[in-house]
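Keep the sequence and the 3D view side by side for this walk. Each stop below can be found by residue number.

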Amino acid sequence: MRLRPKITIGVLSILLITLLAAGGLFIRGERDRYFAEIRTAGSEMASLVAEFCRLPIQKFSFFIVEEVARNVEASPQVAFCEIYDQSGASLLTTEAHVLGEAVPKKQRRTGPDVMIITQPITSDTGVIGNVEIGFHLGQVHQQLRRQAFRLAVSVGVMLIMVALAINLFLSFNFISPVIR
């Protein structure tokens, strides 16, 4: 094998490994950042729901609790909202009425596409229930795939440009003077 292809392949291999490692770290950092944002917003939402449900649970006004849960579930990024009593039984029925319209309850689900945030409902006497809100992660995964694709295209273009630059450099500085 000639020297120019060896140098080009060697440099491109080193560059590719470096860029793949940096890209992997970047994508992981973005994923962690997205998850932290969802976790923070979800914790704030769950705390607000827990605070709002404290008094209705103490007074056994479960219809108010159901309306709160359905309003939370109306948010596009929320997969489900469950509110449990202190024994772990759900306080929500399968259907409720919000603003006069029947709104079916979203089913609790788990998996890699749902992040679940849990917050206890407390009163002066202790824990009287629990709020559990699931958030969709599909948009996060889709955004990460788009970023990974753009990063891969950028790396490919960069490798082509570097290969051309190396070949031009070697051609003009080492091969052309030998031929003249």
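**A walk from loop to core**

At 64% relative accessibility, Phe60 counts as exposed, because the cut-off for that label is over 50%. This is a predicted model, and every value here is computed from it. Phe60 sits in the loop that joins α1 to α2. Its backbone also deserves a look. Phe60 is not a glycine, yet its phi is positive, at about 60 degrees.

Step back from that loop into the helix before it. Helix α1 covers 3-58. Thr8 belongs to helix α1. Is Thr8 buried or exposed? Its relative accessibility is 8%, so Thr8 counts as buried. What does Thr8 touch, beyond residues up to four places away in sequence? The answer is Ala163, Ile166, Asn167 and Leu170. Helix α3 spans 138-179, so those four partners fall within its numbering.

Ser47 is found in α1 too. Its relative accessible area is 32%, so Ser47 is partly exposed. Now set Ser47 against Asn173. Along the chain they are 126 residues apart. Their C-alpha atoms are separated by 67 Å.

Next comes the interior. The largest nonpolar core has 28 residues. Those with the most contacts inside this core are Val49, Cys53, Ile57, Ile83, Ile121, Val131 and Ile133. Which elements supply at least two residues each? They are α1 (3-58), α2 (62-73), β1 (78-85), β4 (114-123), β5 (126-136) and α3 (138-179). Helix α1 gives the most, with 9 residues.

Val49 is a good place to look around this core. Leave aside its neighbours within four places in sequence. Val49 is then in contact with Val68, Val72, Ile83, Val131 and Ile133. Another core lies apart from the largest one. This other core has 5 residues, among them Leu12, Val155, Leu159 and Ala163. Ala163 has appeared already, as one of the residues that Thr8 touches.

Turn now to the strands. Strands β4 and β5 form a hairpin, with 2 residues between them. They pair in the antiparallel sense over 10 bridges. Two bridges help to trace the pairing. Ser123 stands opposite Gly126 in β5. Met115 has Phe135 of β5 as its bridge partner.

Strand β5 has another partner as well. It pairs with β1, again in the antiparallel sense, over 7 bridges. Here Cys81 stands opposite Ile133 in β5. Val78 has Phe135 in β5 as its bridge partner. Phe135 is thus a bridge partner of both Met115 and Val78. How many residues of β1 are buried? The count is 7 of the 8, so β1 is largely enclosed by the rest of the structure.

Follow the chain past β1 and you reach Ala89. Ala89 is found in the loop between β1 and β2 (95-98). With a relative accessible area of 36%, Ala89 is partly exposed. Leaving aside its neighbours within four places in sequence, Ala89 is in contact with Ile83 and Tyr84. Ile83 is also one of the residues with the most contacts inside the largest core. Compare Ala89 with Asn130. They are 41 residues apart along the chain, and their C-alpha atoms are separated by 9.7 Å.

The last stop is the largest pocket. Rolling a probe the size of a water molecule over the atoms shows where empty space is left. The largest pocket has a volume of about 190 Å³. Its lining consists of Ile38, Ala41, Gly42, Met45, Pro76, Gln77, Phe135, His136, Gln139 and Val140. Three elements, α1, β5 and α3, give two or more residues to this lining. The largest share, 4 residues, comes from α1. What is the character of the lining? It divides into 6 nonpolar, 4 polar and no charged residues.

Two names tie the stops together. Helix α1 gives the most residues to the largest core and the largest share of the pocket lining. Phe135 lines the largest pocket and is the bridge partner of Met115.

Notes. Residues numbered from 1 in each chain as written. Predicted model: local features only at pLDDT ≥ 70, side-chain atom pairs only at ≥ 80, totals over all residues. Heavy atoms only, no water. Core = buried A, V, L, I, M, F, W, Y, C linked by side-chain atoms within 4.5 Å. Buried < 20%, exposed > 50% of the residue type's maximum accessible area, 1.4 Å probe, protein only. Contact = heavy atoms within 4.5 Å. 1 Å grid on protein atoms, 1.4 Å probe; cavity = no way out; pocket = protein on both sides within 12 Å on 5 of 7 lines; lining within 4 Å. Points joined across faces, edges and corners; volume = space filled by probe spheres on them. Nonpolar A, V, L, I, M, F, W, Y, C, P; charged D, E, K, R; others polar.
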